[in-house]
Amino acid sequence: MSDTPPETPDFDAMTRDIAEVPAVEVIVTVAVNLMSAAAVKLGLTEEGEKHKDLDEARKLVHALAGLLDASATEISSFHAAPLRDGLKSLQLAFREASSVPDQPGQGPGEKYTGPVFG
């Protein structure tokens, strides 16, 4: 058994690192992470059904839509356009994966994007 205390993160270094990252990069990184997590929960990865959870996917897609809606004026269309395309793809995948699809305008994130049709 070791008497050495576990390593603790260097919070000062982490703060300095994040302070150097532009806000747009943070927003895009968070959006990409939400997209990736939603894709996993929609069963769109190699392992497919193993991680599929539509309730969790709904939350992630909704959060992504809210983030993109709130940040639309803060990030350029260069960044926003591919994120919006990815969001729409996830919304359509959700609709296809649902055994009882939501009414138009009631799907995840459609509060922010409006109805999504395939």
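Lys50 and Glu47 are joined by a salt bridge in which the closest N and O atoms are 3.8 Å apart. The structure is a predicted model, and this contact is one of six salt bridges counted in it. Lys50 is exposed, with a relative accessibility of 62%, whereas Glu47 is partly exposed at 45%.

**Salt bridges**

The three pairs below are among the six salt bridges.

| Pair | Closest N to O distance |
|---|---|
| Lys50 and Glu47 | 3.8 Å |
| Glu56 and Lys59 | 3.5 Å |
| Glu110 and Arg95 | 2.9 Å |

Glu110 and Arg95 connect distant parts of the chain: Glu110 belongs to helix α5 (residues 110-113) and Arg95 to helix α4, with their positions 15 residues apart in sequence. Which class of accessibility does Glu110 fall into, buried or exposed? Glu110 has a relative accessibility of 4%; because the cut-off for a buried residue is under 20%, Glu110 counts as buried. Salt bridges with shared partners also gather Asp55, Glu56 and Lys59 into one network.

Within that network, Glu56 and Lys59 meet through their side chains at 3.5 Å, N to O. Both residues lie in helix α3, three residues apart, which is about one turn of the helix. Glu56 is partly exposed, with a relative accessible area of 30%, and Lys59 is likewise partly exposed, with 47%.

**Overall architecture**

The secondary structure consists of five helices and zero strands. Read from the N terminus, the order of elements is α-α-α-α-α. The radius of gyration of the protein is 18 Å, while a compact globule of 118 residues would have a value near 13 Å. Along the principal axes, the C-alpha atoms fill a box of roughly 60 × 40 × 20 Å.

Of the 118 residues in the protein, 30% are buried. The accessible surface comes to about 8,000 Å², and carbon and sulfur atoms supply 56% of this area. Among contacts with a sequence separation of 6 or more, 58% are between residues 24 or more positions apart.

Two pairs of positions illustrate the spacing of the chain. Pro9 and Ser99 are separated by 90 residues in sequence and by 45 Å in space, C-alpha to C-alpha. Pro9 sits in the segment before α1 and is partly exposed, at 45% relative accessibility. Ala81 and Ser99 are 18 residues apart in sequence and 29 Å apart in space, again C-alpha to C-alpha. Ala81 is located in helix α4 and is partly exposed, with a relative accessible area of 29%.

**The nonpolar core**

Which residues have the most contacts inside the largest nonpolar core? They are Leu42, Leu64, Leu68, Leu83, Leu87 and Leu90, within a core of 21 residues. Three helices, α2 (23-41), α3 (54-71) and α4 (77-97), each supply at least two residues of this core. Helix α2 gives the most, with seven residues.

The contacts of Leu83 offer a view of the surroundings of one core residue. Leaving aside residues up to four places away in sequence, Leu83 touches Val28, Ala31, Val32, Met35, Leu68 and Ile75. Leu68, one of these partners, is itself listed with Leu83 among the core residues that have the most contacts.

**A nonpolar surface patch**

Nonpolar side chains also appear at the surface. Ile18, Val26 and Val30 make a nonpolar surface patch of about 230 Å². Ile18 is placed in helix α1 (residues 11-19). How is Ile18 classed, as buried or exposed? With a relative accessible area of 52%, Ile18 is exposed, because the cut-off for that class is over 50%.

Definitions and conventions. Residues numbered from 1 in each chain as written. Predicted model: local features only at pLDDT ≥ 70, side-chain atom pairs only at ≥ 80, totals over all residues. Heavy atoms only, no water. Core = buried A, V, L, I, M, F, W, Y, C linked by side-chain atoms within 4.5 Å. Buried < 20%, exposed > 50% of the residue type's maximum accessible area, 1.4 Å probe, protein only. Helix = DSSP H or I, 4+ residues; strand = E, 2+ residues; numbered from the N terminus. Contact = heavy atoms within 4.5 Å. Patch = residues over 30% accessible without salt bridge, like charges linked within 9 Å, V, L, I, M, F, W, Y side chains within 5 Å. Areas by Shrake-Rupley, 256 points an atom, 1.4 Å probe, with all protein chains shown as cover. Salt bridge = Lys/Arg side-chain N within 4 Å of Asp/Glu carboxyl O. Rg over C-alpha atoms; globule rule 2.2 N^0.38 Å.
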